[in-house]
Every structure is written in structure tokens, then in C-alpha cells.
Amino acid sequence: LRQDRLNKMQWGTDTEAVESQLHNHKMAHRAIADFREKVDESNIPPQMKEKYADALDKLNTKYGDLLSESQSYIQNLEDLQRFIGNATEQLVWLNQREEEELAFDWSDQNTDLSSKKDSHSEFLKDLEKRETEINRVQKFGENLVNDDHPGQDTIEAFMDVLQTQWSWMLQLTQSIDSHLQNNMAYFQFFEDAKQTEQTLKARQEKMRSKYTADKTSSVAHLEELLDGIMAEKESLFNYNRTVANLAGRAKAVVQLKPRNPANPVQNQIPLKALCEYKTEEVLIKPNDQCILRNNSNRIKWRGIGPGGRDIDLLSLCFQVPPPNQDAMEVANRIDNLNQGNMTMWQQVTINLRCLIFWKYLLRDMETVRSWSLEHLLTARKPSPEEYTRVMQDLESNYEEFLRMSQDSQLFGPNDLTQLRRDYTSTVQYFNDVVELWEGAGKAPMTQPQLPDMGGRNVDREVVVDHSVSLHTSMEFGRLCSCEDGSNEADEARLRKLVLLIGNWEDSLWNIIQTPLKVQNPIQDSEDRLNNLQALMQSLDGMGGQLEALNQNPAIAQHNDFISLVQKYKPLHELSAQCMEDLKVVDSTVRSVEDVESVVKLYEVKLAEEDTAASSPQGIQAYIVLLKQWQSELEQKQRLFRRMQEELPRAEAVNVKLNQQHSLQYPDVSPYGERAHSLHERGQRLQAQIGLRLKEMEKLTVLIRPYRDSRNWLDGWLDGALVKQQQLEAVQPSNSQELTEQLTQQKILVSEIEVNKPKVDDCREFSERCVDMVKDYEDHLQNYRLWVEKFHSSTITPREQTSLSDTVTKEYMDIYTRYTELLNKTSNYIRLINSKSGQFKD
């Protein structure tokens with residue numbers, strides 16, 4: 001009996017059950033041990049020992065076996081107890097850690113990431129120690145299983161649970177690492193953005209308050225302000241790197257607000273899996289895409305899985321990927337603020353230079369008006385070179401002032417009209433002096449043309465023939481014989497070139513740093529190359545003037561001239577380099593725009609489909625259309641190859657410019673990102689077409705038996721209904737005719753019942769079609785949602801009847817007609833039977 005109990009004993013599946021079993025069996029074991037006295041030979045009378053010798057031997061053998069098995073059972077229970085206890089200890093620790101990690105708040109409300117980072121480091125150290133302990137427990141369990149432990153089912157179950165929980169903890173650790181990195185980048189970005197924004201605002205206020213001047217400011221003060229604002233240029237322009245870095249980082253900032261239940265989800269939000277996540281419904285792998293629908297629970301969300309099913313999602317296992325609208329808005333605001341600072345710097349620089357040229361112009365006009373005939377006839381008259389220089393400066397400063405005043409905020413149309421009058425009056429005064437000089441017997445003077453106003457809206461009525469130009473000044477200089485004064489003229493030309501090279505530096509920087517317009521980048525790129533070409537021609541002209549000034553030893557040793565030459569050569573080389581580089585960038589921009597137009601075209605074509613065609617002919621037509629698109633895309637692969645070839649060249653010139661001049665072409669990075677995105681979208685386009693072709697071919701194979709079954713049932717039901725109507729039309733006059741009618745009716749009912757399996761087959765065929773079409777439609781919807789991220793507007797699906805709806809409607813029609821026919825025939829049999837009673841009566 002005890003042997004049978006040992007053989008039938010069940011092994012506990014938890015610590016309490018095993019401890020209870022061990023306690024109970026130890027009591028039983030003591031009873032077994034005490035049973036020794038009852039089988040001891042000394043208790044049997046000597047005269048009976050020989051008679052029961054065989055029975056005693058068998059009894060001793062059985063008792064020995066029982067005692068041995070009982071001891072073995074105790075040992076197995078103790079081993080099982082030790083294994084379950086160790087495994088349970090590890091599982092409890094893993095479960096506690098899981099609960100702690102799942103409960104941690106990863107939303108934007110929790111900014112204390114330093115302590116989390118420290119605790120996570122400690123957790124990883126604990127995890128390494130636990131790995132050794134868990135491996136020891138698993139090894140112990142393996143040894144027990146290999147030794148055929150009778151409780152190996154329980155042991156293997158614990159080993160599986162422990163391994164599963166350990167693997168799950170490693171997956172959670174992977175997610176935590178990602179969250180730590182993403183959240184720290186999130187808060188660091190907004191902190192850096194705040195500091196950058198404050199710095200930019202402070203610089204803006206400094207420029208607004210410090211570099212303010214008006215027409216009453218002296219030339220010395222204006223030149224001092226101009227030197228100061230130029231000193232700000234390098235630090236101001238270098239800050240573009242910080243702004244560009246923030247703009248790039250903004251694109252990678254994740255979304256944390258949806259993790260806070262206080263910010264309920266209004267629209268479906270894409271999710272990205274950070275680790276392998278398994279539920280009863282679906283297995284989600286890292287980087288799989290899901291959709292968040294409800295975030296009312298911070299730990300467990302409700303969303304849509306990869307297959308389109310509604311499932312529960314552990315928030316820790318998912319990332320709400322970029323773009324973060326708040327980060328993008330901050331980056332755009334900072335970029336606009338930075339561009340505003342650059343614009344303000346340029347405007348202040350233009351205003352100061354315009355004021356300086358205006359002051360120079362007033363000075364030159366005052367000088368000319370101080371001349372008289374006595375000046376020309378006296379022995380102490382100015383030198384011819386002085387007349388030449390003053391008139392040359394007058395004309396040059398006037399032209400430069402007109403050019404710069406177009407962008408200045410300090411001079412309106414009335415100011416320009418008055419200045420032109422003053423200038424014309426000054427030139428006329430000079431010509432009057434020249435006429436007096438001619439009246440004194442000197443050679444006649446030629447009259448050149450007045451410089452144009454550059455398209456400004458000023459009073460043109462004062463334009464007369466009394467004008468002066470460089471030719472007039474030089475002619476007048478040749479008529480006068482006095483000592484040489486070329487140094488002063490060259491110094492004036494040098495000052496003008498210093499101002500001009502500053503303008504051209506700004507122009508080149510604008511060409512390099514200004515990104516292309518989004519509306520028409522190709523035309524904007526072409527205009528940029530033309531502007532750079534014009535700038536290079538101006539620089540070439542300056543080179544000739546520098547060579548001429550270098551012939552003057554006094555000018556060649558001047559600090560301004562040396563500084564000008566030092567600026568000119570790098571500027572000229574940089575402009576030439578930029579011309580070649582921007583041609584490469586232009587080619588990249590054109591290739592990316594070409595590819596994007598192709599990708600968008602076919603994305604829209606695919607996204608407009610939201611279901612399969614409702615007829616076999618429509619499915620075949622769609623297959624033909626897909627193959628056509630596939631062929632067209634293959635023919636356009638040269639555009640993708642060109643884009644892939646152009647992008648490394650653009651990135652190379654960008655790196656070279658950054659290494660040599662700490663500058664970057666602002667279009668290379670965004671167009672590089674667009675190129676990589678377009679490459680991925682192009683591959684997904686081809687994969688999408690290939691997938692749809694396979695799905696349509698599967699659907700064609702699947703729908704054929706359904707159509708055959710449905711069409712046969714449709715025809716049979718029509719025929720059966722006609723038979724029923726014919727039977728009902730006959731009015732039997734006697735019992736024999738009634739019996740014949742009943743027989744025919746029963747035959748029809750039997751035929752209906754025999755075809756019931758065919759109706760069931762049709763139902764199965766329809767359900768398979770509907771299930772496949774719905775999965776296909778879910779896939780189409782997910783693809784459209786993915787595509788819409790790259791388009792400025794929502795893509796409206798093309799109106800068409802859903803195949804799943806059509807199949808469902810067709811089968812329900814078959815089922816309804818079959819049911820009605822069955823009821824009708826059954827009811828008519830009952831009617832015939834009632835008539836049969838009447839004929840008997």
C-alpha cells in the first residue's frame with residue numbers, strides 16, 4: 001500500500017506545496033522505518049521460520065525497496081525544494097525590478113534623469129551578479145533533469161519561466177538604455193535652445209542699443225561704430241554653427257508629452273518598438289511600427305499593432321519617435337532670431353557705410369563750393385591732382401552712396417531728391433568755374449553725363465547737362481600745372497576699396513550661408529550662381545586696381561593696403577572655390593528634386609488605393625497597372641543612381657569648406673537627409689508594388705473557388721426556386737396526385753439539404769477572401785499613413801467598392817435565398833400533409 005502511494009504521489013509545483021510534501025513524507029518515512037520491527041525475524045517463532053523463509057525474504061526485499069525509494073523520494077524532494085526556492089528567489093527579484101522599471105515616469109514631467117542614470121548603472125551591476133546566480137540555478141536544474149528527476153516537469157517549467165523572465169529583463173534594459181539616451185537628449189536640447197535663444201536676444205539688444213547713429217553723428221564716430229560692428233562679424237557668423245547644430249538635433253528629438261496622461265492623444269500617433277514585445281495576439285520586433293490610440297494609462301497604452309489589431313502596449317517598450325513639434329518650433333524660432341540678427345547686422349553695417357559715404361559726399365561738395373576763379377589764378381591755387389582727386393571722390397562717393405542708399409533705412413525719396421539737387425548744383429558750380437577759366441583764355445572743357453540714380457524714386461526734373469565725371473576731373477588736372485598730389489588720390493581710392501571689400505565679403509557670406517527657397521529651389525540655385533559670377537567679376541576688377549595702387553610706394557606700405565591685399569587674395573580664392581562647390585550643390589539639388597517628384601508621384605498613386613478591386617477583371621487590371629508602374633520605376637532608376645552619386649560629392653565639398661573656413665553650405669545637410677529618405681522611400685515603393693502584386697496573385701487564386709462556388713449556387717438556387725414555384729402552381733384533385741406532389745416536394749427538399757455543404761463551402765471561401773482583403777486593406781491604410789508624413793496634404797483614397805464588402809454581400813444573398821427556399825419547401829410539405837388529411841376525410 002505504501003509502495004503504491006509512493007508511485008502515485010504528485011510533485012509540487014511551488015515552494016509551499018513541495019515543503020508540505022516534504023514534511024508529510026518525512027512523517028511517512030519515519031513510519032516506514034518503524035515498520036522494521038514488525039518484519040524482524042526475531043518476532044517469528046523458531047519452529048515457523050523455515051516454513052515462512054521465502055515469504056520473509058520477499059517481505060524484506062520489498063521493505064528494503066520501499067525504504068530505499070522513500071529515502072530517494074526525500075532526497076528528490078529536498079533537491080526540488082532547493083531548486084524551486086533558488087529559482088523563486090531570482091524570479092521575485094526579476095519581477096520586482098520589472099515592476100519598478102515599468103512604473104518609472106519617462107514623460108516630460110520627470111527631469112531628474114541623473115539619479116535614474118546612477119540607479120540604472122547600479123542595476124546593470126546587480127544584473128551582472130544575478131546572471132551568475134541565475135546561470136547556477138539553471139545549471140542545477142539541468143543536472144536534475146539529466147538525472148531523470150521525477151519532478152522534471154516542474155523543474156523544466158521553472159527553468160523556462162526563469163529564462164523567459166531573464167530574457168524579458170534584458171529586453172527592458174535595452175529599452176531603458178534608449179529612453180535614457182533619448183530623454184537626456186530631449187532635456188539637453190531644450191536647455192541648450194533656451195540658452196542660445198537668450199544669447200541671440202542679448203546680441204540683438206546690444207546691436208540695437210550700441211550701434212545706433214544718425215545724420216548728426218560725426219565721421220569719426222561713424223567709423224568707430226563701423227569698426228566695432230565689423231569686429232562682431234566673426235563671432236556672430238560663427239554662431240551659425242550653434243544654430244545649425246540645434247536645427248539638426250531638433251529633428252532627432254523624441255516626443256515625451258504623449259507619455260503623460262494629462263496630454264490625451266487627439267490623433268493617432270506613430271510608435272516605434274525599442275525591444276521585442278510579445279503578447280497573446282502578436283509578436284512585435286524592434287523598430288516595428290505601431291500606432292498609439294489611447295494614453296490614459298501611463299504604463300499600459302492602447303494601440304494598433306503591425307497587423308492592424310487593437311492591442312495593449314507597454315509604454316516602456318515603445319518610443320514616440322520624431323519629429324517633436326515643440327523642438328522644431330523652437331529650432332525655427334532660434335533660426336529666425338539668428339537670421340534676424342544677421343539681417344540687423346547687415347542693416348546696421350549698410351546704414352553706417354551709407355552715412356559715411358554721405359558724410360564724404362557732403363565734405364567733397366563743400367570742398368568744391370569753396371573753389372573760385374581766384375583759386376585757379378592765384379599762385380597758392382590747389383594742385384591739379386587735388387582737383388582731380390576731389391572731383392573723382394565726389395563722383396565715386398555719389399555713385400556709392402546711391403547704390404547703398406537703396407537698402408538703407410535712413411534716407412527716403414525726399415532726401416535723395418534734395419541730395420541730387422545739391423550734387424547737380426555743385427557740379428554746375430564747378431562747370432561755371434571752368435567756363436570762367438575758359439574765358440580767361442584756357443582750353444574748353446568737355447561735359448560728361450550725370451551718374452544714374454539706380455532706379456530710386458527721386459526728382460528727375462533737375463537733371464541737366466551741367467555734370468562732371470572722372471574724365472572732366474582728369475582733363476582739368478591736365479590743364480593745371482602744379483606739384484604732384486597723387487598720394488592723396490590713391491589714399492581716397494584705397495579708402496573706397498576698403499569699404500567695397502567689406503561689402504563683397506558680406507555678399508559672399510550671404511551667398512554661402514543663405515539656404516535655398518523651398519518654393520523654387522532650382523531657380524533660386526541658378527540665381528545664386530549668377531550672383532556669385534557677378535561678384536567674381538567685381539573681384540577681378542579690384543585686382544587691377546590693387547596692382548595700380550601697388551605702384552605707389554607710399555600706398556604699398558600703408559597698413560590699410562596691406563590688410564586689403566591680405567583680405568583680397570583669400571576672398572578671391574574662396575569665391576572661386578565656392579563657384580565650383582555650388583555647381584556641385586546645384587547638381588545635387590536638381591537630382592534630389594527630380595527623384596522627389598518621381599517618388600511623390602508613385603506614392604500618391606499607391607496611397608490612393610484603399611481596397612482591392614471588387615471583380616476578378618478589376619484585380620487583373622490592377623495587376624497590369626502595378627506591373628506597368630514597376631517597369632516605369634525601373635526605367636527611372638538612373639535618377640536614383642545619379643542622386644546617390646551626386647550626394648557624396650556635395651558632402652565632400654561641404655567638409656572641405658568646413659575644414660578650411662569653418663563654414664558650411666546650408667543646403668547640403670537637409671538635401672542629404674532628403675536624399676537618404678528618398679532612397680528609403682524609393683526602395684519601399686518598389687517593395688510595396690512587389691508586395692501588392694503577390695497579394696493580388698494570392699487573392700486571384702483564393703477568389704476563384706469562391707466565384708465558382710457562388711456562381712454555381714446562384715444558378716442552382718434560381719432553378720430550385722423555379723421548381724418550387726411549379727410545384728406550388730399544381731392543384732391536385734385527388735389523393736394520388738397529392739401523393740405524387742408530396743414525393744416531388746420531398747425530392748426537392750432532399751436536394752436542398754444535400755447542397756447545404758456547398759453553401760457552407762461558399763461561406764468558408766468567402767470568409768477566407770474577406771479575411772485576406774481586410775488584412776490587405778489594413779496594410780494599405782498603414783502605408784497611406786506612412787506616406788502622408790512626407791506630403792503637405794492628406795491623400796484622399798479613390799472612391800471604389802470594397803471587395804470584402806462585395807464578397808460579404810454576395811454570400812449573404814446566397815445564404816438568405818437558401819434559407820428562404822428551405823423554409824418555403826418545408827412549409828409546403830406541411831401544407832401538403834394537411835391537404836392529405838382532407839382527401840382521407
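Strands here are DSSP runs of at least two residues marked E, numbered from the N terminus. With that in hand, a hairpin of five residues takes you from strand 4 to strand 5. You're looking at a predicted model, and the tour below covers a five-stranded open sheet, a nonpolar core of 128 residues, two spans that UniProt lists as coiled-coil region, one buried lysine and a few cysteines that stay unbonded.

**The sheet**

- Reading across the open sheet, the five strands come in the order 6-5-4-1-7, and the pairing is antiparallel.
- Strand 6 (310-314) and strand 7 (318-319) sit at the edges, so to speak, each with pairing on one side only.
- Strand 4 (residues 289-294) runs antiparallel to strand 5 (residues 300-304), and three bridges join them.
- One contact to look for there is Asn294, whose bridge partner in strand 5 is Arg302.
- Moving on, strand 5 also pairs with strand 6, again antiparallel, this time over five bridges.
- Arg302 turns up here too: Asp312 is its bridge partner in strand 6.
- Over at strand 7, the antiparallel partner is strand 1 (residues 269-273), with two bridges between them.
- Lys272 has Gln319 of strand 7 as its bridge partner.
- As a bit of background, strands of a sheet pair through backbone hydrogen bonds, either parallel or antiparallel.

**The cysteines**

- How many disulfides does a search of the whole structure find? The search comes back with zero.
- Take Cys317: the closest cysteine sulfur belongs to Cys275 and is 3.8 Å away, which is too far for a bond, because a disulfide needs the two sulfur atoms within 2.5 Å.
- Cys762 isn't in a disulfide either, and the nearest cysteine sulfur, in Cys769, is 9.3 Å off.
- Cys317 is buried, at a relative accessible area of 0%.
- Cys762 is buried as well, with a relative accessible area of 0%.

**The nonpolar cores**

- The largest nonpolar core has 128 residues, and the ones touching the most other members are Phe401, Leu532, Tyr665 and Met696.
- Which helix gives this core its largest share? That's helix 17 (residues 559-607), which supplies 18 residues.
- The core also takes in at least three residues from each of domain 2 (217-250 + 350-439) and domain 3 (701-837).
- Setting aside residues up to four places away in sequence, Met696 touches Ala612, Ile619, Tyr622, Ile623, Leu626 and Tyr776.
- There's a second, separate core of 42 residues, and Val243, Leu292, Leu316 and Val330 are among its members.
- In general, nonpolar side chains of soluble globular proteins tend to be buried together.

**The annotated coiled-coil spans**

- An unreviewed UniProt entry puts the feature "coiled-coil region" at residues 522-552 and 626-660.
- In the model, residues 522-552 are 94% helix and 0% strand, with 47 Å between the end C-alpha atoms.
- Residues 626-660 come out at 97% helix and 0% strand, and their end C-alpha atoms are 50 Å apart.

**A buried lysine**

- Where is Lys359 placed? You'll find Lys359 in helix 9 (residues 325-369).
- Lys359 counts as buried because its relative accessible area is 18%, and the cut-off is under 20%.
- Not counting neighbours within four places in sequence, Lys359 is in contact with Lys215, Thr216, Ser217, Val219 and Leu222.
- Ser217 is 142 residues from Lys359 along the chain, yet their C-alpha atoms are separated by 9.4 Å.

Conventions: Residues are numbered from 1 along each chain as its sequence is written. This is a predicted model: local features need pLDDT of at least 70, side-chain atom pairs count only at pLDDT 80 or more; totals for chains, interfaces and linings use all residues. Side-chain values use heavy atoms; hydrogens and water are left out. Two strands pair if DSSP finds at least two bridges between them. Helices (H or I, at least four residues) and strands (E, at least two) are DSSP runs, numbered from the N terminus. Buried means under 20% relative accessible area, exposed over 50%, partly exposed in between (1.4 Å probe, protein chains only). A nonpolar core is a set of buried Ala, Val, Leu, Ile, Met, Phe, Trp, Tyr and Cys residues joined through side-chain atoms within 4.5 Å. Domain bounds come from an automatic or database domain assignment. Contact means heavy atoms within 4.5 Å. UniProt positions are given in the numbering used here, feature names are shortened, and annotations may be inferred rather than shown by experiment.
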